[in-house]
Amino acid sequence: MSAALKYTLGRIGLFVAVLAGLWLIDMNVFLKLMLALVFSAALSFFLLRGWRDEMAGEIAEAAERRRTEKERLRSALAGEDHPTQTPDPQTPDSPR
C-alpha cells in the first residue's frame, strides 16, 4: 500500500474517531464537524508523523525521477545524447 494512501486513510480515520467522540456532546452539528477537523489535524501531526515522512520521501523520489527523465529527454532532443547501438553493416538498409 502506498504511503500516501496510508496517510490519507489515517487522516480520515482520525477525523471519524474524533467526530464519533464529539457526537456524544450536545452541540451544533456544524460546530462538531469543525472541532473534529481541527482536533484530528492536530492529532495527525503527532500520531501520523511516520506515515507523513514516508509519503514525503516517496514524493521526493518521484520528483527526482521526473527531473532526471526530463533532463535526459532534453539532452536527447538537443542532440547531446549519442545512441549506443551502431547500425549493422550487413543489413540491407544500410549504405555500403
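Visitor: What is the handedness of the crossing of helix 1 and helix 2?

Guide: The crossing of helix 1 and helix 2 is right-handed. This is a predicted model, and the crossing is read from its computed atoms.

Visitor: Which residues of helix 1 and helix 2 make the contact?

Guide: Helix 1 contributes Tyr7, Arg11, Leu14, Phe15, Val18, Leu19, Leu22 and Trp23. From helix 2 come Val29, Lys32, Leu33, Leu35, Ala36, Leu37, Phe39, Ser40, Ala41, Leu43, Ser44 and Leu47. By class, the residues of this contact of helix 1 with helix 2 are 16 nonpolar, two polar and two charged.

Visitor: How is the packing of two helices described?

Guide: Two numbers serve: the angle between the axes and the distance between the axes. For helix 1 (residues 3–23) and helix 2 (residues 29–47), the angle is about 135 degrees and the axes are 8 Å apart.

Visitor: Why are helix 1 and helix 2 classed as oblique to each other?

Guide: Angles over 145 degrees count as roughly antiparallel and those from 65 to 115 as roughly perpendicular. An angle of about 135 degrees falls in neither range, so helix 1 and helix 2 are oblique to each other.

Visitor: Let us take one residue of this contact. Where does Ser40 lie, and is Ser40 buried or exposed?

Guide: Ser40 lies in helix 2. Buried means under 20% relative accessible area; Ser40 has 2%, so Ser40 is buried.

Visitor: What does the side chain of Ser40 reach, and which residues is Ser40 in contact with, leaving aside its neighbours within four places in sequence?

Guide: The Ser40 side chain reaches the backbone oxygen of Ala36 at 2.8 Å. Leaving aside neighbours within four places in sequence, Ser40 is in contact with Leu14, Phe15 and Val18. Leu14, Phe15 and Val18 are among the helix 1 residues that make the contact with helix 2.

Visitor: Now the other pair. At roughly what angle do helix 1 and helix 3 cross, and is the crossing left-handed or right-handed?

Guide: Helix 3 spans residues 49–77, and its axis crosses that of helix 1 at roughly 145 degrees, the two coming within 8 Å. The crossing of helix 1 and helix 3 is left-handed.

Visitor: Which residues meet in helix 1 and helix 3?

Guide: On the helix 1 side they are Ala3, Ala4, Lys6, Tyr7 and Gly10, and on the helix 3 side Trp51, Arg52, Glu54, Met55 and Glu58. The contact of helix 1 with helix 3 has five nonpolar, one polar and four charged residues. Tyr7 also belongs to the contact of helix 1 with helix 2.

Visitor: How far apart are Glu58 and Ala3 in sequence and in space?

Guide: Glu58 and Ala3 are 55 residues apart in sequence, and their C-alpha atoms are 7.5 Å apart in space. Glu58 is in helix 3 and is partly exposed, at 34% relative accessible area. Not counting residues up to four places away in sequence, Glu58 touches Ser2, Ala3 and Ala4.

Visitor: And how far is Gly57 from Ala3?

Guide: Gly57, also found in helix 3, is 54 residues from Ala3 in sequence and 9.1 Å from it in space, C-alpha to C-alpha. Gly57 is partly exposed, with a relative accessible area of 29%.

Visitor: To end with the protein as a whole, how many helices and strands does the secondary structure have?

Guide: It comes to three helices and zero strands, in the pattern α-α-α along the sequence. Of the 96 residues, 17% are buried. Among contacts between residues at least 6 apart in sequence, 55% join residues at least 24 apart.

Conventions:
Residues are numbered from 1 along each chain as its sequence is written. This is a predicted model: local features need pLDDT of at least 70, side-chain atom pairs count only at pLDDT 80 or more; totals for chains, interfaces and linings use all residues. Side-chain values use heavy atoms; hydrogens and water are left out. Axes are lines fitted to C-alpha atoms, for helices over the stretch in contact, and angles run from 0 to 180 degrees between N-to-C directions. Helices (H or I, at least four residues) and strands (E, at least two) are DSSP runs, numbered from the N terminus. Angles under 35 degrees count as roughly parallel, over 145 as roughly antiparallel, 65 to 115 as roughly perpendicular and the rest as oblique. A crossing is left-handed if the near helix is turned anticlockwise from the far one by less than a right angle, and right-handed if clockwise. Contact means heavy atoms within 4.5 Å. Ala, Val, Leu, Ile, Met, Phe, Trp, Tyr, Cys and Pro count as nonpolar, Asp, Glu, Lys and Arg as charged, and the others, Gly among them, as polar. Buried means under 20% relative accessible area, exposed over 50%, partly exposed in between (1.4 Å probe, protein chains only). A polar contact is a pair of N or O atoms within 3.5 Å; within protein, one must be able to donate a hydrogen and the other to accept it, and residues adjacent in sequence count only if both atoms are side-chain atoms.
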